[in-house]
Amino acid sequence: MAVQKKFALGRGLDALISNEEVKTSGSSNIGEIELSKISANPNQPRREFDPIALQELADSIAEVGVIQPITLRKINDDSYQIIAGERRYRASALAGLKTIPAYIKTADDENVMEMALIENIQREDLNSLEIALAYQHLIEQYELTQERLSERVGKNRTTIANYLRLLKLPATIQMALKNKEIDMGHARALLSVDNPQTQLKIFNEIIANGYSVRKVEEMVKALNSEKQEKPVAAKSKLPETFGVLQNHLSNFFGTSVQLSCSAKGKGKISIPFKDEADLERIMEILDSLKQTE
């Protein structure tokens, strides 16, 4: 059985999953619980378990037992729900065990989902799409903002936003990401393409030719550069006041802000960023404006 890594938890996460300081009412203790009294968490973010790896874990458990207790939520004296450790629970059943060592906690439904999500993410057990769906579940069910979610799960808000953007890709691409036919780097590059049909066209080329992430990034960059060349001539048609506003915004955000305007007076403002750190800087500027309202 592979040795489980210990990941550094974000600020506040240890309080959610520590055995000594859980942010719920009630007590925590450890004991041997009958497998027949345990049920899976319906909000478990992990949906698939590799049968070969599960059997290998079952063989290891049959030989040396369960090394790390699972974590359960007590429903009543004869019923427990898994917070963390469904894989160990399934493997123990395969190994023929009748009971399993478990930490027993009292937690409300929201903390159960958070604990399951955090436990899996920290172990890197989920694929990118499962993480995105789990984040989306928390946001929708508990009406959280991305900023609040980032505080609750100890992840950078930009990281959360990047995962959630995966859910905007065509279903075919999402399934390929789930099945590991492409990785998150490919998916993030495709997100830079506005047109879903073009996304699918590039995706098909990735599958057919085995393109690397770098290759796809170059393809997307070339495609976007070609699109941006067309409106250059229209810049001279912008009113002079637009130029003043453009310079003002560029100085304010510390980046080359672009303005475009149609003949009907409709337009858009584009704020480019160099990398995730630069995006975070711009978002902090926008947040500071919101706080002064």
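Helices (H or I, at least four residues) and strands (E, at least two) are DSSP runs, numbered from the N terminus, and the expected span of a helix is 1.5 Å times one less than its number of residues. The model on your screen is predicted, so that local features need pLDDT of at least 70 and side-chain atom pairs count only at pLDDT 80 or more, while totals for chains, interfaces and linings use all residues. Residues are numbered from 1 along each chain as its sequence is written, and side-chain values use heavy atoms, with hydrogens and water left out.

**The whole chain**

Begin with the whole protein chain, whose secondary structure comes to 13 helices and seven strands. Of its 293 residues, 38% count as buried, where buried means under 20% relative accessible area, exposed means over 50%, and partly exposed lies in between (1.4 Å probe, protein chains only). Among the contacts with a separation of 6 or more, 65% are made by residues 24 or more positions apart, and contact here means heavy atoms within 4.5 Å.

**Helix H2**

Next, select residues 51-64, which form helix H2, with 14 residues and a reach of 20 Å from its first C-alpha to its last, close to the 20 Å expected at 1.5 Å a residue. Colour Leu54, Leu57, Ala58, Ser60 and Ile61, the buried residues of H2. They lie on the same side of H2 because they cover an arc of only 165° around the axis, the arc being that of the directions from the helix axis to the C-beta atoms. Helix H3 (86-94) is included in what covers these buried residues, whereas the face of H2 turned away from the buried side carries the exposed residues Ile52, Glu56, Ala62 and Glu63.

Now look at the two ends of H2. At the N-terminal end, Asp50 acts as a cap, with a side-chain oxygen 3.1 Å from the backbone nitrogen of Ile52; just after H2, Gly65 takes a positive phi of about 90°.

**Helix H8 and its surroundings**

Move on to helix H8 (residues 171-178), whose axis comes within 9 Å of the axis of helix H10 (residues 196-209) and crosses it at roughly 35°. These axes are lines fitted to C-alpha atoms, for helices over the stretch in contact, and angles run from 0 to 180 degrees between N-to-C directions. To see the contact, show Thr172, Ile173 and Ala176 of H8 together with Gln199, Leu200 and Phe203 of H10.

Then select Ile173, Gln174, Ala176 and Leu177, which are the buried residues of H8. Because they cover an arc of only 160° around the axis, they are on the same side of H8, and what covers them includes H5, H9 and H10.

For a view from H5 (residues 128-142), pick Ser128, which lies in that helix and is buried, with a relative accessible area of 16%. Not counting residues up to four places away in sequence, Ser128 touches Tyr163, Leu166, Leu177 and Met184.

**Two lysines in loops**

Finish with Lys180, in the loop between H8 and helix H9 (184-190). Although Lys180 is not a glycine, its phi is positive, at about 65°. Most residues other than glycine have a negative phi. Lys180 counts as exposed because its relative accessibility is 69%.

On the other side of H8 in the sequence, Lys168 is found in the loop between helix H7 (157-165) and H8, and at 68% relative accessibility Lys168 counts as exposed. Add Leu191, 23 residues apart from Lys168 along the chain: the C-alpha atoms of the two are separated by 8.1 Å.

Methods. Polar contact = N/O pair within 3.5 Å; in protein donor to acceptor, adjacent residues only side chain to side chain.
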